[in-house]
Amino acid sequence: MDNRTSLVDLAIRYGFLVLMAALIVFFGIMAEGFLTPFSAVFILQSVAITGILALGVTATLVVGGFDLSIGAVATSALMLSSYVMVVWEMSALSAVLICLAMGAFVGLINGLLVVKMRVPDLLATLGMMFLLVGAQRIPTEGRSISTGMSLPDGSVANGKFSEAFLALGRHRIDFIAPNLVPLSVIFLIAIAIGVWVFLETTRHGRLMYAIGSNQQAASLAGANVNRYKIVAYMISGVLASVGGILLAARLGRGDVASGNNLLLDSVAAALIGFAVLGASKPNAFGTAIGALFVGILLQGLTMMNAPYYTQDFVKGAVLVIALVFTFALSGRGGRARG
Amino acid sequence: MISRRLFTGLIGSVAMMPGLAFGADMPAPFDNPGAVKIALVRYLSTGDFFQAYLSGVEKQAAAIGVDLRVLDSRQDAALQSDMVDQAIALGVDGIIIQHGLTESMKDAAQRAVDAGIKVVAFDVNVDNAAIPQVEQSDRDLARLALEQALKDNGTSFTAGYVYVPGIAPLDRRDETWQKVKADNPGINQVAEFGTLDNPIANSVANQARSALSANPDITVMFAPYDEFAKGVKIAVDEAEMSGKVSIYSADVSTSDIAAMREDGSAWKATAATNPAVVGEVSVRTLAMLLAGEDPGHNVIVPPTLITQQMLNDLDITNMEDLSAKVPAFAHADVSVPGWMPLPQR
């Protein structure tokens, strides 16, 4: 009996990491060139943006909320940074600062809607998502932004994406091999560590977990529930705008996009993260692993020429398995223990 | 009391001054500016292509002096069909159906024809002998780009291909690619990938990176949609392979022009039909029907080949430049009877 329990415990704790290791071995054998530093960096780069967004989602999940607007915030930041540089002809620094401020402001509004107006989180952020998808297109009448585009008033936009801005998405630093690791990967790792430290080791982070598991108890214990919730949405908004800035730097133009895929991929990463190490709760480390897991799968499948629908299928299957790990296996254990 | 028709006429004649000047020379019903009402019923509207298409429709409608209503179903097939009925109820004289699904639009189009309304369809097959089909020739687009690829790279090369099946224009472009491969056995396609996940260029870049690292011997990438090509270019740049790989694509936009003209850009050529011209042709075809003339059942707008060298030689920086300096791109001599006023350029 004891043996069986510990086996299940082991499966819950390490099952997902073992699955990931098996996957790496499988692709290493099946796809030539998969086990190289370059390939590893490609994977990290391909998940950098969704990973950063997923860490934002994690922050809202921790306080028992949910942010559906992150994809739209990211594409709004993409359009806004392009607009600031190409149309207003301002510097890279101002583009970044304006976007971060926009992300924080959207997060603040989301938080106020949820906390003060008592709008359920899914509905408030859904509304914000539609609002942003529309708003980002108004200044250009739905067109993408690039140097040389004509504006609605007939003039031509002459601003450029500054080199410093493009470097955010394109510059690579020497690590093992020269010009290997892109800055976006550094941002992902730094943000992941930052969010992890904040949530796991600071008093604020623990209070946020407490609010997520029992809001009333946390409130009675003296936590300022409303303020923490607003902060969580602001973190989410700011991280989403960081993702959008990196996207703009990689694309080099303001692409009209809804960001729905960004939203879905990052939510998937955060939910997969529940299963990592049997945490059964939103956590930064799991989220990063979840994003990496999806990235490894997609990279390996693409190297093996798998068409896009099999990739969607596999992504879905991984999510379902992860949720089973979280809710069925560890849920049962949790109740038994409780 | 001012009647509604007179009122629209007045508004129309003020708004459509060029139409007024031509009015006298045009056949009925266009001799009375503003008296003709047409509707554009759209299925797709988001993105540069569809914005440009709309601007072409608006300009040509203004040049002829017709009153244009735009009904946008935003990818809702059922709503688009309802909108045709709405246009019938509005009492329009002509309808342009822009994209959509054959299954949902076929009956709606027939109802409009039964109501005595002239109908033109763009890029959607409504399966109706009375309705001319305006098309940009996707097969020609792919053919032009691939001919350039064969010219630049010879008939033997290792190729990567970006494709998402089930999208009508991409399927038609794929037919040409399959045929070119069959005719040139020296072409060795080692990788095929593609996705329409938003933002498309970013998702395709991730895939192309994987494909390039798995197959570093690829020298030609055929990406027959500009968002695909943009993604492949990002991947090629990141892999520092732009000296080695050449990209051939279809469609064009201002940002594509900038990407093609970057120093050492791998994006060598694209074939494109000007969406604004397609919009103009759609309106002219409808106008011919309304005037009782026969535009033919298949109205095909021919594409133009745009090479990196041509952009550099003519110093073209945006779509306006392209129209100004490459006349074939600015105007298609399709559906242009003698009386037809053209938009001012």
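A crossing of two helices is called right-handed if the near helix is turned clockwise from the far one by less than a right angle, and left-handed if anticlockwise. I worked throughout on a predicted model.

**Entry 1: helices H2 and H12 of chain A**

I applied this term to helix H2 (residues 37-62) and helix H12 (residues 284-303) of chain A, and I noted that H2(A) passes H12(A) in a right-handed crossing. Two packed helices are described by the angle between their axes and the distance between the axes. For H2(A) and H12(A) I recorded an angle of about 140° and axes 8 Å apart. I therefore entered H2(A) and H12(A) as oblique to each other.

I then looked up which residues make the contact. On H2(A) they include A:Phe42, A:Val47, A:Gly51 and A:Leu55. On H12(A) they include A:Ala288, A:Gly290, A:Leu292 and A:Gly295. By class, I noted twelve nonpolar, nine polar and no charged residues in the contact of H2(A) with H12(A).

**Entry 2: helices H4 and H5 of chain A**

Next I examined H4(A) and helix H5 (residues 121-135) of chain A, which pack at an angle of about 145° with their axes 9 Å apart. I recorded the crossing of H4(A) and H5(A) as right-handed. From H4(A), I listed A:Val106, A:Ile109, A:Asn110, A:Leu113 and A:Val114, which meet A:Asp121, A:Ala124, A:Thr125 and A:Met128 in H5(A). The contact of H4(A) with H5(A) has six nonpolar, two polar and one charged residues.

**Entry 3: helix H6 of chain A**

Which residues of helix H6 (residues 163-170) of chain A are buried? I found A:Phe165, A:Leu168 and A:Gly169. Seen down the axis of H6(A), these buried residues fall within an arc of 85°, so they line one face of the helix. An α-helix has 3.6 residues a turn, so residues three or four places apart point the same way. I also noted what the buried residues of H6(A) pack against: helix H3 (70-86), helix H4 (92-115), helix H7 (183-201) and helix H10 (225-251) of chain A.

**Entry 4: where chains A and B touch**

Finally I turned to the contact of the two chains. I counted 30 residues from chain B and 33 residues from chain A. On the chain B side, helix H3 (48-64), strand S7 (187-193), helix H8 (200-214) and helix H10 (254-261) each supply at least two residues. Which element gives the largest share of this side? I found that H8(B) does, with nine residues. By class, the side of chain B that touches chain A has nine nonpolar, 16 polar and five charged residues.

Technical notes:
Residues numbered from 1 in each chain as written. Chains lettered and ligands numbered in written order. Predicted model: local features only at pLDDT ≥ 70, side-chain atom pairs only at ≥ 80, totals over all residues. Contact = placed C-beta atoms within 7 Å. Helix = DSSP H or I, 4+ residues; strand = E, 2+ residues; numbered from the N terminus. Nonpolar A, V, L, I, M, F, W, Y, C, P; charged D, E, K, R; others polar. Buried ≥ 20, exposed ≤ 12 C-beta atoms within 10 Å, placed from the backbone. Arc of directions from axis to C-beta. Axes fitted to C-alpha atoms, helices over the stretch in contact; angles between N-to-C directions. Parallel < 35°, antiparallel > 145°, perpendicular 65-115°, else oblique.
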